[in-house]
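Here's a friendly walk through one protein model and the ligand it holds. Have a look at the sequence and the 3D view, then read on.

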Amino acid sequence: MAVEATAPGKAILFGEHSVVYRGPAVVLAIDRRARVVARKRDDDRIFFDAMDLGFSGYFTGETYVPLQGESWRGKRLQAFLVAARKTMEHLGTESGLGITLRSDIPVAAGLGSSAALSVATVASVGGLLGGDLSQEEICELAYEGEKVVHGTPSGVDNNISTYGGVLRYEKDVGIERFELDGDLPFVIGDSMRKRSTKRLVDRVRMLREREPELVEGVLDSIVLVSESGLAALKANDLHRLGDLMNVNHGLLSSLGVSIAKLDMMVHSSRGAGAYGAKLTGAGGGGCMIALSDEASIEKINRAILRCRGEPHVVSVSYEGAKTREVD
Ligand code: MEV
């Protein structure tokens, strides 16, 4: 018997970086999913197959033994190893595991692929070992994995991958989940530059230490934009949403987390008819998101391609983490 779990990736509409300190992030689950299959093994090894990314190997204790690919890949697997072990600890059981990781969420692009894989790892291991984990438990256990890679993540990524849909998320406050009135067409542009969330969060933290008053002011403005953005989203006011996305991009740029290619894609998308566009996620590479109407989608796609980015038309996925038994 094996258990498969899937969980969605995400795009942050408002509030990345500020959410690490205070205030809300407004975030959408997107229709791109991570897929994890867990099986029991007779030994005590935890085996990972990530052959989509070109590697596989296993952990025996803390030691990573690569079977295909380089040994440093073991570091990249730490989050999922911790997620699996914390799940077993939580259930008071132990087993060797074979874990297959697959994902159609672009990796290291700000679309939450690592959180989605952590959530799906917890859900599949929990399902396999007979634990009927609640969404809350899945979310909390996946956060343990996230902390290993990201240091002090706000928790927005594991929450959206667990619950799906559209969330207002605030640290120490929790989530408000709601449904949109109709389907908003979003175009995501991937700059194809990989980056580390932890490094970018650190960069903002260091700027804040050097220039506390200035950075506090910018963070306050992002909080305001996020609250207004939430109201505009609920009212389906696309023009206001677009304006606020543009302001949010400017504020993130002022924190030093944009790059020229993201700026180019953002400005080209606006020129191609987007209501608004901004970087999404930690920045430093990764993705931007444009709010479009149906008529402009093709033009925005072409604008992103002209900037040598990769466009993805995405819609909101209301399905959070999901498990099922497989052969
Ligand atoms: C990453 O998806 C979003 C950041 O705000 C970091 C975090 O919330 O942990 C940049």
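What follows goes from the whole chain down to a few single residues.

## Before we start

This is a predicted model, so local features need pLDDT of at least 70 and side-chain atom pairs count only at pLDDT 80 or more, while totals for chains, interfaces and linings use all residues. Residues are numbered from 1 along each chain as its sequence is written, and side-chain values use heavy atoms, with hydrogens and water left out.

## The whole chain

Let's begin with the overall picture. The protein chain has ten helices and 13 strands; these are DSSP runs numbered from the N terminus, with helices being H or I of at least four residues and strands being E of at least two. Its C-alpha trace spans about 60 × 45 × 35 Å along the principal axes. The radius of gyration is 19 Å, which agrees with the value near 20 Å for a compact globule of 327 residues. That radius is taken over C-alpha atoms, and the globule rule is 2.2 Å times the number of residues to the power 0.38.

How much of the chain is buried? Buried residues make up 57% of the 327, where buried means under 20% relative accessible area, exposed means over 50%, and partly exposed is in between (1.4 Å probe, protein chains only). The accessible surface comes to about 13,700 Å², and 48% of it belongs to carbon and sulfur atoms. Accessible areas come from the Shrake-Rupley method with a 1.4 Å probe, and for residues only the protein chains shown count as cover. Of the contacts with a separation of 6 or more, 72% are between residues 24 or more positions apart; a contact means heavy atoms within 4.5 Å.

## Around the ligand

Which residues surround the ligand? They are Lys 10, Ile 12, Glu 16, His 17, Val 19, Val 20, Pro 153, Ser 154, Val 156, Asp 157, Val 201 and Ala 282, counting a residue as near if one of its heavy atoms lies within 4 Å. By class, that shell has seven nonpolar, two polar and three charged residues. Here Ala, Val, Leu, Ile, Met, Phe, Trp, Tyr, Cys and Pro count as nonpolar, Asp, Glu, Lys and Arg as charged, and the others, Gly among them, as polar.

Three side chains put polar atoms by ligand oxygens. For Lys 10 the distance is 2.9 Å, for Ser 154 it is 2.5 Å, and an N or O atom in the side chain of Asp 157 is 3.0 Å from a ligand oxygen. The protein covers 97% of the 290 Å² of accessible area that the ligand has on its own. Strand 1 (2-14), helix 1 (18-21) and helix 5 (156-163) are the elements that each give two or more residues to the shell.

## Helix 5, an enclosed helix

Helix 5 deserves its own stop. Eight of its eight residues are buried, so helix 5 is largely enclosed by the rest of the structure. Among those buried residues are Val 156 and Asp 157, both of which also appear in the ligand shell. The buried residues of helix 5 pack against strand 1, strand 2 (25-41), helix 3 (113-128), helix 4 (135-150), strand 7 (166-170) and strand 8. Right after helix 5 comes Gly 164, whose phi is positive, near 70°.

## Three buried residues

Thr 280 is found in strand 10 (residues 276-280) and is buried, at 0% relative accessibility. Its side chain reaches the backbone oxygen of Ile 12 at 2.8 Å. Leaving aside neighbours within four places in sequence, Thr 280 is in contact with residues including Ala 11, Ile 12, Glu 16 and Gly 110.

Thr 87 sits in helix 2 (residues 73-91) and is also buried, with a relative accessible area of 0%. Beyond four places in sequence, Thr 87 touches Val 122, Val 125, Gly 126, Leu 133 and Leu 141. Phe 178, in strand 8 (residues 174-178), is buried with a relative accessible area of 11%. With neighbours up to four places away set aside, the contacts of Phe 178 include Val 166, Leu 230 and Tyr 318.

## Two positive phi angles

Most residues other than glycine have a negative phi. Met 192 has a positive one, near 65°; Met 192 lies in the loop between strand 9 (186-190) and helix 6 (197-210) and is partly exposed, at 48% relative accessibility.

Asn 236 also has a positive phi, near 55°. The loop between helix 7 (212-234) and helix 8 (238-254) holds Asn 236, which counts as partly exposed at 33% relative accessibility.

How values were computed:
A polar contact is a pair of N or O atoms within 3.5 Å; within protein, one must be able to donate a hydrogen and the other to accept it, and residues adjacent in sequence count only if both atoms are side-chain atoms.
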